[in-house]
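Here is a friendly walk through one structure, starting with its charged pairs and moving on to helix packing, cores and backbone. Keep the 3D view open as you read.

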Amino acid sequence: MIASGYQLMVQSKADKRPSLENLWPNVFPPDTPKHSSLTEITGEENEALLLNVIARTILPKQYGGKSSQVILFDLNHKMDEIDKYLLNAMSLNEHFSQEDRNFTDEIVKECLNSIIYISCYSAEQFDLAIEELEDLLWDNENVSLLAIDGLDAFYWDDCYDRLRRMITHYRKLCQRLQKICKEHKICCIYTVETNYVQAKTDSKGKLMVFLFAGQTSSLRTSNSNFKILLHLT
């Protein structure tokens with residue numbers, strides 16, 4: 001199949017996006033998250049973990065970050081105090097000097113400008129945000145991460161309108177996100193509530209994954225109340 005001019009331009013932009021591999025070795029497996037992958041976070045500290053991931057994505061490389069932009073879909077409206085997570089990540093980096101501490105306000109402000117923040121209050125708004133995502137990626141070549149807090153936030157709205165089961169709702173969303181991530185070579189990391197995760201398991205408690213051709217890896221850290229599920233393509 002011959003690629004169109006638009007597809008060639010998308011591929012060219014995608015190839016230039018920063019890599020997020022080895023973003024946070026204490027949490028993620030080596031060489032992850034890879035572009036085109038989806039990562040699910042669940043547990044008591046899921047928002048905190050996502051904020052840490054965002055902080056490490058937008059921090060300058062000299063402080064251990066990836067110097068990348070982030071598109072954040074805030075569906076639960078709990079994503080605040082990102083500056084606190086930025087300061088914490090910087091302070092843990094060996095290259096963050098005493099002199100740098102005099103410029104923390106400027107560094108944090110520059111990092112916050114790397115977040116494209118989109119707040120959604122309904123299933124319709126979220127659906128529209130996904131529809132417009134490709135235009136955002138076209139206009140912002142330095143975006144490597146799509147962060148979503150509360151992928152399941154509007155399930156009951158969707159269920160009322162379309163009578164969908166949770167697993168169908170989850171599968172449809174992941175298919176849409178996977179297609180965009182693969183085409184534009186970005187990562188997607190999202191949080192979900194524990195009861196939503198339980199609805200994706202069969203009667204024996206086995207996680208049901210339908211659509212990913214690559215490897216699926218699940219891990220829980222020994223000292224934290226969260227779990228991450230990686231869909232690696």
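## A charged pair to start with

Let us begin at R176 and D127, whose side chains form a salt bridge with an N to O distance of 2.6 Å. This is a predicted model, so please read each distance and angle here as a computed value. R176 belongs to helix α8 (residues 166-184) and D127 to helix α5 (residues 123-131), so this pair ties together parts that lie 49 residues apart in sequence. How accessible are the two partners? R176 is partly exposed, its relative accessible area being 27%, and D127 is likewise partly exposed, at 30%.

R176 has another partner as well: it forms a salt bridge with E131, where the closest N and O atoms are 3.1 Å apart. Here too the pair links distant parts of the chain, with R176 in helix α8 and E131 in helix α5, 45 residues apart. E131 counts as exposed, because its relative accessible area of 52% is over the 50% cut-off. Put together, D127, E131 and R176 are linked in a network of salt bridges.

## How the two helices pack

The helices that carry this network also pack against each other. In general, two packed helices are described by the angle between their axes and the distance between the axes. For α5 and α8, the angle is about 25 degrees and the axes are 11 Å apart. Are they roughly parallel or roughly perpendicular? The angle of about 25 degrees is under the 35 degrees used as the limit, and α5 and α8 are therefore roughly parallel to each other. The crossing of α5 past α8 is left-handed.

Which residues make the contact? From α5 come F126, D127, I130 and E131, while α8 supplies L173, R176 and I180. The residues of the salt-bridge network, D127, E131 and R176, are thus among those in the helix contact.

## Other salt bridges

How many salt bridges does a search of the whole structure find? It finds six. One of the pairs is K34 with E21, whose side chains meet at 3.8 Å, N to O. Both K34 and E21 sit in the loop between α1 (5-15) and β1 (38-43), and the two residues are 13 apart. K34 counts as partly exposed at 31% relative accessibility, and E21 is partly exposed too, with 27%.

## Two nonpolar cores

In soluble globular proteins, nonpolar side chains tend to be buried together. In this model, the largest nonpolar core has 32 residues, and those with the most contacts inside it are I54, I82, L86 and L145. Elements giving two or more residues to this core are α2 (46-58), β2 (69-74), α3 (82-91), α4 (104-112), β4 (143-149) and β5 (187-191). Of these, α2 gives the most, with seven residues. A second, separate core has 28 residues, including F126, I148, I186 and C188. F126 is worth a second look, as this residue also takes part in the contact between α5 and α8.

What surrounds L145, one of the residues with the most contacts in the largest core? Setting aside neighbours within four places in sequence, L145 is in contact with L20, V53, I54, T57, Q69, V70, I71, C187 and I189.

## Backbone details

A few backbone features deserve a check in your viewer. T32 and P33 are joined by a cis peptide bond, with omega at about 0 degrees. P33 is placed in the loop between α1 and β1, and that loop also holds K34 and E21.

Two residues that are not glycine have a positive phi. S67, at about 50 degrees, is found in the loop between α2 and β2 and is partly exposed, with a relative accessible area of 30%. E81, at about 60 degrees, lies in the loop between β2 and α3 and counts as partly exposed at 45% relative accessibility.

## The overall picture

Stepping back, the secondary structure comes to nine helices and seven strands. Of the 233 residues, 49% count as buried. Among contacts between residues at least 6 apart in sequence, 76% join residues at least 24 apart.

Conventions. Residues numbered from 1 in each chain as written. Predicted model: local features only at pLDDT ≥ 70, side-chain atom pairs only at ≥ 80, totals over all residues. Heavy atoms only, no water. Core = buried A, V, L, I, M, F, W, Y, C linked by side-chain atoms within 4.5 Å. Buried < 20%, exposed > 50% of the residue type's maximum accessible area, 1.4 Å probe, protein only. Helix = DSSP H or I, 4+ residues; strand = E, 2+ residues; numbered from the N terminus. Contact = heavy atoms within 4.5 Å. Salt bridge = Lys/Arg side-chain N within 4 Å of Asp/Glu carboxyl O. Axes fitted to C-alpha atoms, helices over the stretch in contact; angles between N-to-C directions. Parallel < 35°, antiparallel > 145°, perpendicular 65-115°, else oblique. Left-handed = near helix turned anticlockwise from the far one by under 90°.
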